[in-house]
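Welcome! Please take a moment to turn the model around and look at it from a few sides before reading on.

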Amino acid sequence: MLPIRVYYEDTDFSARVYHASYLRFLERGRTELLRALEVAQSDLHAEMGGLAFVVRKMTIDFLGAALMDDVLTVVTRPKEMRGASMILAQEVRRGADVLVKADVTVAAVREGRAVRIPDHLRSALSAGLS
């Protein structure tokens with residue numbers, strides 16, 4: 001879980017979070033999921049020949065609006081593991097209220113080609129499958 005405070009730069013003219021700002025919040029949540037597993041994306045890239053994760057597909061439901069100065073929580077959990085990709089379920093919450101739900105398909109790539117997710121990472125992520 002990642003706490004995020006909403007700043008002026010995250011909002012539109014109505015002081016509500018601009019829809020594209022949620023993409024940044026979700027990206028941070030995915031990065032923090034890896035960090036919680038003691039995996040840094042920069043280390044994966046450096047140690048595994050340029051391995052990177054790219055978003056392949058994203059489905060987002062906007063259920064409510066966050067406002068300037070709100071404190072939000074981004075929750076990210078693995079939903080499905082595949083060979084070179086995984087689906088992550090993400091939520092942006094304000095307290096108990098779910099404001100945004102997203103299913104994000106992320107692919108592992110090296111030099112522009114899909115590659116198998118490393119076994120150590122696959123094992124760690126599979127432990128949290130929902």
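Leaving aside its neighbours within four places in sequence, which residues is Leu121 in contact with? The partners are Leu34, Leu37, Val39, Leu44 and Phe53. Please keep in mind that this is a predicted model.

## Helix 3 and its two sides

Leu121 belongs to helix 3, which runs over residues 119-126. Three residues of this helix are buried: Leu121, Arg122 and Leu125. Because they cover an arc of only 100° around the axis, these residues lie on the same side of helix 3. A general rule helps here: an α-helix has 3.6 residues a turn, so residues three or four places apart point the same way.

What does the face turned away from the buried side carry? Here you will find the exposed residues Asp119 and Ser123. The buried residues of helix 3, for their part, pack against several elements: helix 1 (19-36), helix 2 (41-47), strand 2 (52-62), strand 3 (71-81) and strand 4 (85-94).

## The nonpolar core

Leu121 appears again when we turn to the largest nonpolar core, which has 30 residues. Together with Phe53 and Met86, Leu121 is among the residues with the most contacts inside this core. Two or more residues come from each of strand 1, helix 1, strand 3, strand 4, strand 5 and helix 3. The element that gives the most is strand 5, with 6 residues.

## Helix 1

Next, look at helix 1. Its 18 residues should span 26 Å at 1.5 Å a residue, and the end C-alpha atoms are 26 Å apart, so the two values agree. The buried residues of helix 1 are Ser21, Tyr22, Phe25, Leu26, Gly29, Arg30, Thr31, Leu33 and Leu34. Leu34 is also one of the contacts of Leu121.

Arg30 is worth a second look. Although this residue is buried, with a relative accessible area of 8%, its side chain meets that of Glu27 in a salt bridge, at 2.6 Å from N to O. Glu27 is partly exposed, at 36% relative accessibility. How far apart are the two along helix 1? Arg30 and Glu27 are 3 residues apart, so about one helical turn separates them.

## Strands that pair

Strand 3 has pairing partners that are easy to trace. Strand 1 (residues 2-5) pairs with strand 3 in the antiparallel sense over 4 bridges, and Arg5 has Val71 of strand 3 as its bridge partner. Strand 3 also pairs with strand 4, again in the antiparallel sense, over 8 bridges. Within this second pairing, Met81 is matched with Met86 of strand 4.

How many residues lie between strand 3 and strand 4 in their hairpin? There are 3 residues between them. Met86 is a name you have met already, as one of the core residues with the most contacts. As you follow the strands, a general point may help: in a regular strand the side chains alternate between the two faces of the sheet.

## More salt bridges

The bridge in helix 1 has company, as a search of the whole structure finds 8 salt bridges. One of them joins the side chains of Glu80 and Arg82, at 2.8 Å from N to O. Glu80 is partly exposed, with a relative accessible area of 33%, and Arg82 is partly exposed too, with 38%.

Another brings us back to helix 3: Asp119 meets Arg116 in a salt bridge of 3.7 Å, N to O. Are these two residues buried or exposed? Arg116 is exposed, with a relative accessible area of 51%, and Asp119 counts as exposed at 51% as well.

## Backbone angles to look for

Most residues other than glycine have a negative phi, and most peptide bonds are trans. Against that background, you can look for some positive values here. Asp69, in the loop between strand 2 and strand 3, has a phi near 80°. Its relative accessible area is 53%, and Asp69 is exposed.

In the loop between strand 5 (97-110) and strand 6 (113-114) sits Glu111, with a phi near 50°. Glu111 is exposed, at a relative accessible area of 75%. Just after helix 1, Glu38 also takes a positive phi, of about 60°.

Terms used: Residues are numbered from 1 along each chain as its sequence is written. This is a predicted model: local features need pLDDT of at least 70, side-chain atom pairs count only at pLDDT 80 or more; totals for chains, interfaces and linings use all residues. Side-chain values use heavy atoms; hydrogens and water are left out. Buried means under 20% relative accessible area, exposed over 50%, partly exposed in between (1.4 Å probe, protein chains only). The arc is that of the directions from the helix axis to the C-beta atoms. Contact means heavy atoms within 4.5 Å. A salt bridge is a side-chain nitrogen of Lys or Arg within 4 Å of a carboxyl oxygen of Asp or Glu. Two strands pair if DSSP finds at least two bridges between them. The expected span of a helix is 1.5 Å times one less than its number of residues. A nonpolar core is a set of buried Ala, Val, Leu, Ile, Met, Phe, Trp, Tyr and Cys residues joined through side-chain atoms within 4.5 Å.
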